Amino acid sequence: KKLMEDEYQLINGDGTLQIIELEDLERDGKTLRAAIAIATGRTSMPACFVRGKSVGGYTDGFITNAAPDGDVEDSGFTYVPTPDRDLRYTGSPGLAKLHASGDLATLLGGM
């Protein structure tokens, strides 16, 4: 939240930034958390989305690992969403590393 507000001057609720505290939603928060898990394969929070796609959490994302034989593994997640439900930016290292590399500004471009 602080990164988005301080570094990118985004304001919660202004149409460009929406922060949803799942705990405040009680039962609906649990339902939303389950839906996020189905769409991203992640159950840990925070779940950070940019332009409707998950970039992972603050410190972790969806880095793929290439095996010596060229096969690509999906960062150890036991559940990988089906293509029609997948809301991941595959290859994202998480919000903090996207910011540090300058790639977050590119993803946000024009917001």
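What follows is a short dialogue on reading the features of a predicted model.

Colleague: Let's begin with the fold. How many helices and strands does the protein chain have, and in what order do the elements run?

Modeller: This is a predicted model, so keep that in mind throughout. The protein chain has 4 helices and 4 strands. Starting at the N terminus, the order is α-α-β-β-β-β-α-α.

Colleague: And what share of the residues is buried?

Modeller: Of the 111 residues in the protein chain, 28% are buried. The accessible surface is about 7200 Å², and carbon and sulfur atoms own 52% of that. As for contacts with a separation of 6 or more, 52% come from residues 24 or more positions apart.

Colleague: On to charges. How should I read a salt bridge, and how many are there?

Modeller: The general idea is that side chains of opposite charge can pair when their charged atoms come close. This structure holds 3 salt bridges. Take D6 and K2, whose side chains meet at 2.6 Å, N to O. Both residues belong to helix α1 and are 4 residues apart, about one turn of the helix.

Colleague: Are D6 and K2 buried or exposed?

Modeller: D6 counts as partly exposed because its relative accessibility is 42%. K2 counts as exposed, with 60%.

Colleague: Which salt bridge ties together parts further along the sequence, 18 residues apart?

Modeller: That's R42 with D60, at 2.9 Å, N to O. R42 sits in the loop between α2 and β1, and D60 in the loop between β2 and β3, so the pair ties together parts that are 18 residues apart in sequence. R42 counts as buried because its relative accessibility is 3%, while D60, at 30%, counts as partly exposed.

Colleague: What about D86 and R88: buried or exposed?

Modeller: Both D86 and R88 are buried, and their side chains form a salt bridge at 2.8 Å, N to O. R88 has a further partner: its charged end sits over the ring of F62, 5.6 Å from the centre of that ring.

Colleague: How many aromatic pairs does the structure hold?

Modeller: The count is 0 aromatic pairs.

Colleague: Last one, the surface. Which residues make the nonpolar patch?

Modeller: I20, L25 and L32 make it, and the patch covers about 220 Å². A patch residue needs over 30% relative accessible area. I20 has 43% and is partly exposed. You'll find I20 in the loop between α1 (2–8) and α2 (27–40).

Key
Residues are numbered from 1 along each chain as its sequence is written. This is a predicted model: local features need pLDDT of at least 70, side-chain atom pairs count only at pLDDT 80 or more; totals for chains, interfaces and linings use all residues. Side-chain values use heavy atoms; hydrogens and water are left out. Patches are made of residues with over 30% relative accessible area and no salt bridge: like charges are joined within 9 Å, nonpolar side chains (Val, Leu, Ile, Met, Phe, Trp, Tyr) within 5 Å. Accessible areas come from the Shrake-Rupley method with a 1.4 Å probe; for residues, only the protein chains shown count as cover. A salt bridge is a side-chain nitrogen of Lys or Arg within 4 Å of a carboxyl oxygen of Asp or Glu. Helices (H or I, at least four residues) and strands (E, at least two) are DSSP runs, numbered from the N terminus. Buried means under 20% relative accessible area, exposed over 50%, partly exposed in between (1.4 Å probe, protein chains only). Rings of Phe, Tyr and Trp (its six-membered ring) pair if their centres lie within 6.5 Å; planes under 30 degrees apart count as stacked, over 60 as edge-to-face and the rest as tilted. A charge sits over a ring if NZ of Lys or CZ of Arg is within 6 Å of the ring centre and within 35 degrees of the ring normal. Contact means heavy atoms within 4.5 Å.
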